[in-house]
Structures are given as structure tokens and as C-alpha cells.
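Morning, everyone. I have one structure to walk you through today. Please have a look at it first.

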Amino acid sequence: MTSSQSQSQSIEHIVLFKVKDEAEPSKVKAWLDALNGLSSLDQVAQLTAAPLIQTTTTATSLNFTHILHSRYNSKQDLKAYTIHPRHDSTVKDHGLLIVEDVMAFDWVAPDLHLAVTPKPGSAIRVSFFKLKEEEEGKDVKKSDILGVLKEMKDGLLSGQQKQISELSYGENFSPERSRGYSLAYLAVFPGQRELEDSNEELGKLKHKVKDFVESEVVVDFLIPSSSSV
């Protein structure tokens, strides 16, 4: 991990995968082990690869099974990670054999405490938004949703809402593999129960942004112990 873990200009990097139905479990495990092994690279501040426990989407063509979530201190660190020989070999030697679909998303997340890593058993929800095209007489702005996300973050992290330990959100800066999804948030909970207990509060967000959003992909996963990956 990098020695200088800053709270400013931290980078969230999410990759969603659809593993082939016929993929052998041993090959899936070897792939996940290889992905999680990339956490030792100097450029990586945090990294977890895990199966999804739930996927909810209004886009029927998207049906993901696994996720890679990693964090970096800068865009330069993220770029160095993506071209690192170990990353390249993990993709070629493991991923290409069993993965049939991929979606990737990156955003700048200020105020992240990269020195604080989510504990094993923590539950994480990531939600991606594809915005509607501008309609006549209706100004659909990313800033409207970003404002709602900021409001949600301030509320959920207040003393009255203790079930959430961290929330970041932002606008994608790598559109090549994002399928048109441009905004996202990531929420960290102490465990799956706290995530489920928050569904009503998170549902209020969906109601507030529904007039702006064409489709949404929501995925949940657990931070695994080293023995369960």
C-alpha cells in the first residue's frame, strides 16, 4: 500500500463482472484469489474482490455476479495499477477464461479515510445511475442528483443514523466501460443486518431522483475474510 494515504482526491474504482454459468468453481476461486492478491501492489490503497449477494437493476440486460472494489490516492495510482504486469496477467490468465461481461466505473471521492479499511463482514451497497436524456422544458442536471446524494450522506452519517459507517459518491470519469451510467454512490455498513435496516432510508433517495434517472443498477456484497474468498 502507498505510504501517504490522503483524504483528498481519493479514487473509487469499481468493476462488475458476470461470470459464465458454466465456470468451474475452482477457476472462479483462483480468479478471486488472484484479484485479491493485487491488494499488495504499491499503488493500491484498498482492494476487495467478492461475489455479489444481491443485484437489483431496471436494465434487464445487466446481470452481474461479482465485484472488484478498490481505492487509490490518485488517478495516477489507478492508471499505474491498470497497466501493472500482475494486473495484466490476472486478467489474461484468469478473468478472460470465465468472465463474459464487465462494467467499470471510477470517481473522485473527497474525504475518504483510506487508512481505515472496512472490516471483514462489513456490507457494501453500490448504486449506479444512468440519467435521462434532456427533455424539452426539463433540465436534467447531474448536479441535482449529486445534491441529493450529499444530503443523504450528511443525514446517514449524522448521530441519528448509526447503521452506516461510510458513504462516498461521485461522477464517473472513465466512460469507456460504464454503459452510460454516469453517477454512483457507495455505502459501507457494519454488517448485512444494518444494510437491510437502511433500505427504507435508501428508498427515499430513489424516490427523490426518479424523475432524473433512466435506469439504476444496485449491487450488495460483503467484505470476506481471507479464508472465505
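Let's start with a pair of strands. Strand 6 and strand 7, residues 183-189, are joined by 6 bridges. They run antiparallel. For one pair in there, take Gly170: its bridge partner in strand 7 is Ala184. Keep in mind that this is a predicted model.

Now the whole sheet. It is an open sheet of 8 strands. The order is 4-1-3-2-8-5-7-6, and the pairing is antiparallel. What stands at the edges? Strand 4, residues 99-109, and strand 6, residues 166-171. Each has a single partner strand, so one side of each is left without a neighbour in the sheet. On average, neighbouring strands are turned by 25° against each other, direction ignored.

Next, the helices. Helix 3, residues 85-98, packs on the sheet. It touches strand 1, residues 10-19, and strand 4. Its direction makes about 120° with that of strand 4. Helix 6 covers residues 199-209. It lies across strand 5, strand 7 and strand 8. Relative to strand 5, helix 6 runs at about 10°.

Last stop: strand 8. Look at its partners. Strand 2, residues 46-57, is joined to strand 8 by 5 bridges, and the two run antiparallel. Here Thr55 stands opposite Val219. Strand 5, residues 123-131, is joined to strand 8 by 9 bridges, also antiparallel. Here Arg125 stands opposite Asp220.

So how many residues of strand 8 are buried? The count is 8 of the 10, across residues 213-222. Buried here means under 20% relative accessible area. Strand 8 is therefore largely enclosed by the rest of the structure.

Definitions and conventions
Residues numbered from 1 in each chain as written. Predicted model: local features only at pLDDT ≥ 70, side-chain atom pairs only at ≥ 80, totals over all residues. Heavy atoms only, no water. Buried < 20%, exposed > 50% of the residue type's maximum accessible area, 1.4 Å probe, protein only. Helix = DSSP H or I, 4+ residues; strand = E, 2+ residues; numbered from the N terminus. Pairing = 2+ DSSP bridges. Axes fitted to C-alpha atoms, helices over the stretch in contact; angles between N-to-C directions. Contact = heavy atoms within 4.5 Å.
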